[in-house]
Amino acid sequence: MSLIYYSTGPPPITDCLVNPIPSAFLMGGVFSAFDVAQGRRLSPQMVGTNIGFLYLYSALQCPLEQLHGRRSSLHNFISGACLGGTGVSMGRLGVPFIPSHQVYYGPVPPAVVGGLVYGGIAFGLATLGGKTV
């Protein structure tokens with residue numbers, strides 16, 4: 001059984017792993033500048049975290065697109081949820097839009113809340129960008 005690549009389908013896996021590198025560096029720098037503007041100290045760890053998570057977000061979608069043969073905003077949700085939950089559980093990311101006392105002292109574990117919030121953001125942005133479910 002051979003896989004046939006059509007121009008309307010998902011890109012090849014090598015493209016998925018190489019193409020996000022420039023945008024991850026660019027947007028990682030922008031996000032780091034936002035962090036510094038809000039009062040955080042500039043550190044290599046902060047910049048590396050921003051770049052790394054943005055790269056992984058794009059790279060995680062690729063295998064899902066290859067498996068399903070199409071692009072979907074659900075792939076964005078899964079990628080965002082995995083990275084958001086991991087980032088919150090590692091203490092590298094906060095959870096936006098929800099007060100911290102509800103995140104850390106509520107009945108739902110913080111990693112689950114972070115995953116749902118970041119997955120929801122990724123899903124919403126992908127859907128607004130024209131991806132179908």
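**Close-up views of a six-helix protein**

**View 1. F97 lies in the loop that links α4 and α5.** The model shown here, as in the views that follow, is predicted. The backbone of F97 has a phi near 75 degrees, a positive value in a residue other than glycine. The relative accessible area of F97 is 73%, above the 50% cut-off, and F97 is therefore exposed. Exposure does not leave F97 without partners: V117 touches F97, and also V95, P96 and I98, when residues up to four places away in sequence are not counted.

**View 2. The whole chain is built from helices, with six helices and zero strands.** From the N terminus on, the order of elements is α-α-α-α-α-α. Along the principal axes, the C-alpha atoms occupy a box of roughly 50 × 35 × 25 Å. The protein has 133 residues, and buried residues make up 30% of them. Of the contacts between residues at least 6 apart in sequence, 61% join residues at least 24 apart.

**View 3. Five valines form the largest nonpolar core: V88, V95, V103, V113 and V117.** Two members of this core, V113 and V117, are among the buried residues of α6. V88, another member of the core, belongs to the α4 side of the contact between α4 and α6. V117 also touches V95 of the core, with residues up to four places away in sequence left out of the count.

**View 4. Helix α2, residues 20-37, buries P20, A24, G28, S32 and D35.** These buried residues cover an arc of only 95 degrees around the axis, and so they lie on the same side of α2. On the other side of the helix, P22, L26 and A37 are exposed. The partners of the buried residues are α1 (13-18) and α3 (44-68). The 18 residues of α2 should span 26 Å at 1.5 Å a residue, and the 25 Å between the end C-alpha atoms agrees with this. G39 follows the helix, and its phi is positive, near 110 degrees.

**View 5. Helix α3 contains 25 residues and reaches 37 Å from its first C-alpha to its last.** This length is close to the 36 Å expected at 1.5 Å a residue. The buried residues of α3 are M46, T49, N50, I51, F53, A59, Q61, C62, L64 and E65. The elements that cover them include α1, α2 and α4. Just after the helix, G69 takes a positive phi of about 75 degrees.

**View 6. S79 sits in helix α4.** Its relative accessible area is 1%, under the 20% cut-off, and S79 is therefore buried. S79 touches Y57, L60, Q61 and L64, not counting residues up to four places away in sequence. Of these contact partners, Q61 and L64 are themselves among the buried residues of α3.

**View 7. Helices α4 (residues 73-90) and α6 (residues 110-128) cross at roughly 150 degrees.** Their axes come within 6 Å, and the crossing is right-handed. On the α4 side, the contact is made by S73, L74, N76, F77, G80, A81, G84, G85, V88 and S89. On the α6 side, P110, A111, G114, G115, L116, Y118, G119, G120, A122, F123, A126 and T127 take part.

**View 8. The buried residues of α6 are V113, G114, G115, V117, G119, A122 and A126.** They pack against α3, α4 and α5 (100-105). The helix has 19 residues, and the distance from its first C-alpha to its last is 27 Å, close to the 27 Å expected at 1.5 Å a residue. After the helix comes G130, with a positive phi near 110 degrees.

**View 9. L116 is placed in helix α6.** Its relative accessibility is 53%, above the 50% cut-off, and L116 therefore counts as exposed. L116 nevertheless takes part in the contact that α6 makes with α4. From L116 to T49, the distance is 20 Å, C-alpha to C-alpha, and the two are 67 residues apart in sequence. T49 is one of the buried residues of α3.

Notes:
Residues are numbered from 1 along each chain as its sequence is written. This is a predicted model: local features need pLDDT of at least 70, side-chain atom pairs count only at pLDDT 80 or more; totals for chains, interfaces and linings use all residues. Side-chain values use heavy atoms; hydrogens and water are left out. A nonpolar core is a set of buried Ala, Val, Leu, Ile, Met, Phe, Trp, Tyr and Cys residues joined through side-chain atoms within 4.5 Å. Buried means under 20% relative accessible area, exposed over 50%, partly exposed in between (1.4 Å probe, protein chains only). Contact means heavy atoms within 4.5 Å. Helices (H or I, at least four residues) and strands (E, at least two) are DSSP runs, numbered from the N terminus. The expected span of a helix is 1.5 Å times one less than its number of residues. The arc is that of the directions from the helix axis to the C-beta atoms. Axes are lines fitted to C-alpha atoms, for helices over the stretch in contact, and angles run from 0 to 180 degrees between N-to-C directions. A crossing is left-handed if the near helix is turned anticlockwise from the far one by less than a right angle, and right-handed if clockwise.
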